Amino acid sequence: MPRWVLAAAVFLVGSVGGCQGADDSTDGPQAQRRYDLCGEAIPEAELIDFLDGNLVVVAQLDEDGSSKSQAVGDLAVSLVANGIDYGDLTSARPSFSEGAYTLQTRDSELSFRLYYADEFEDAAAGDAIPYNLFDPDSYAQNVEVDLDTSQFPPVVRVDYDPGPLAGMIDGDLRVDEASLSVSVQIRADLVALEVDSLGQYDNAWEVGDSLALRMTTTRLNLGALGGDLDDAGFGFSYDGTRYTAPTGPLDQELFESEFLTVRQDNGNYSWEGEYGARVDKGELTLFQRGWASNAGGNFTEYFCDEARSTRVAVAEHDDSLEGGVFVLEDGTRVEYGLR
């Protein structure tokens, strides 16, 4: 099951006011417990159904987001540390069109662009790189690799015509003497990466809903990023991520989202971050503040006011994201879970 909560929009909105907990008042044969939240009496079934449904939506987004952040790290490692091995790019070669790259991750697509981080020949710092860095012809064309066995030990000889990015090669073309395959390592100080990637999900929880997950980064110098991955990590944002549903109708958008990914010694990635969100249901509004981490401890707080000074409740999400407990300010607890 997924491990990452980006947000938990909940069917609880009303005029600004405090939380007064549960009300066991009856209302005919369909009587049920109600919860007073920001002055609005919410039936328990509506509360639980929406919490359950929102977990389904977040679960679908979890792997999308985590796989994209890992893909960014793996790209940096490939370009900076290990070099591009053209004999082993079947699953990691991004498609390229008009300066934009698209890489298929395990659960979604990562979209990014590459720029010159410094002056390079006739290009200025900040210009988009018009050539595909994952195409060997960008560096070397008409490559011929021969193994001269007339000498001992045998000598590998490489001959090629320079491509438009030949000056970006860090050292020489590298040749594996066993397979005679060619790889290249680029000058990372000359390249900057910027991510702006959108994942779209329709009918994720109910017919007619739409969820757009937008991951962005600032422009990152690959030379610095290669070192930061193992130390400070790299930051990314999910500002602009938006969920809309016909029920309500409901409209939720993330803002103030700051996440950090760090590569561990075992090659896996840890990440954590916080986010804010605004939820509109009809003419009513609720505000959120949440924390997400693959180490667990995920939660989402709910507030009546934009300054987020009057808290309504907090949803304490299970690490598995299969359920959790919604805790009101008076201590009333409401369990929810996928059914």
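Contacts between residues 24 or more positions apart make up 52% of those in the protein chain with a separation of 6 or more. The model is a predicted one, and its secondary structure consists of two helices and 23 strands. Of the 339 residues in the chain, 47% count as buried. The accessible surface amounts to about 15900 Å², with carbon and sulfur atoms contributing 43% of that area.

Confidence varies along the chain. The average pLDDT is 79, and 79% of the residues score at least 70. Among the secondary structure elements, strand 7 (residues 109–116) has the highest confidence, with a mean of 93, whereas strand 1 (residues 21–23) has the lowest, with a mean of 63. Over residues 1–20 the pLDDT stays under 50. For this segment the model nevertheless has 100 contacts beyond four places in sequence.

In soluble globular proteins, nonpolar side chains tend to be buried together. In the present model, the largest nonpolar core contains 72 residues. The members that touch the most other members are Phe 112, Leu 133, Met 168, Val 191, Leu 193, Leu 222 and Phe 326. Helix 1 (residues 44–82) gives the most to this core, supplying nine residues. The surroundings of one of the listed members, Val 191, were examined further. Beyond four places in sequence, Val 191 touches Leu 114, Tyr 115, Ala 117, Ile 129, Leu 133, Met 168, Ile 186, Leu 220, Asn 221 and Leu 222. Three of these partners, Leu 133, Met 168 and Leu 222, also appear among the core members that touch the most others.

Two loop residues were considered individually. Asn 298 is located in the loop that joins strand 19 (284–293) to strand 20 (299–303). Asn 298 is classed as buried because its relative accessibility is 3%, which falls under the 20% cut-off. A polar atom of the Asn 298 side chain lies 2.8 Å from the backbone nitrogen of Ser 293. Ser 293 is the last residue of strand 19 (284–293), so this pair links the loop to the end of the strand that precedes it. Pro 154 occupies the loop between strand 8 (140–148) and strand 9 (155–162). Pro 154 is partly exposed because its relative accessible area is 35%, a value between the 20% and 50% cut-offs. With neighbours within four places in sequence left aside, Pro 154 is in contact with Leu 147, Asp 148 and Thr 149.

Definitions and conventions:
Residues are numbered from 1 along each chain as its sequence is written. This is a predicted model: local features need pLDDT of at least 70, side-chain atom pairs count only at pLDDT 80 or more; totals for chains, interfaces and linings use all residues. Side-chain values use heavy atoms; hydrogens and water are left out. Helices (H or I, at least four residues) and strands (E, at least two) are DSSP runs, numbered from the N terminus. Buried means under 20% relative accessible area, exposed over 50%, partly exposed in between (1.4 Å probe, protein chains only). A polar contact is a pair of N or O atoms within 3.5 Å; within protein, one must be able to donate a hydrogen and the other to accept it, and residues adjacent in sequence count only if both atoms are side-chain atoms. Contact means heavy atoms within 4.5 Å. Accessible areas come from the Shrake-Rupley method with a 1.4 Å probe; for residues, only the protein chains shown count as cover. A nonpolar core is a set of buried Ala, Val, Leu, Ile, Met, Phe, Trp, Tyr and Cys residues joined through side-chain atoms within 4.5 Å. pLDDT is the predictor's confidence in each residue, from 0 to 100.
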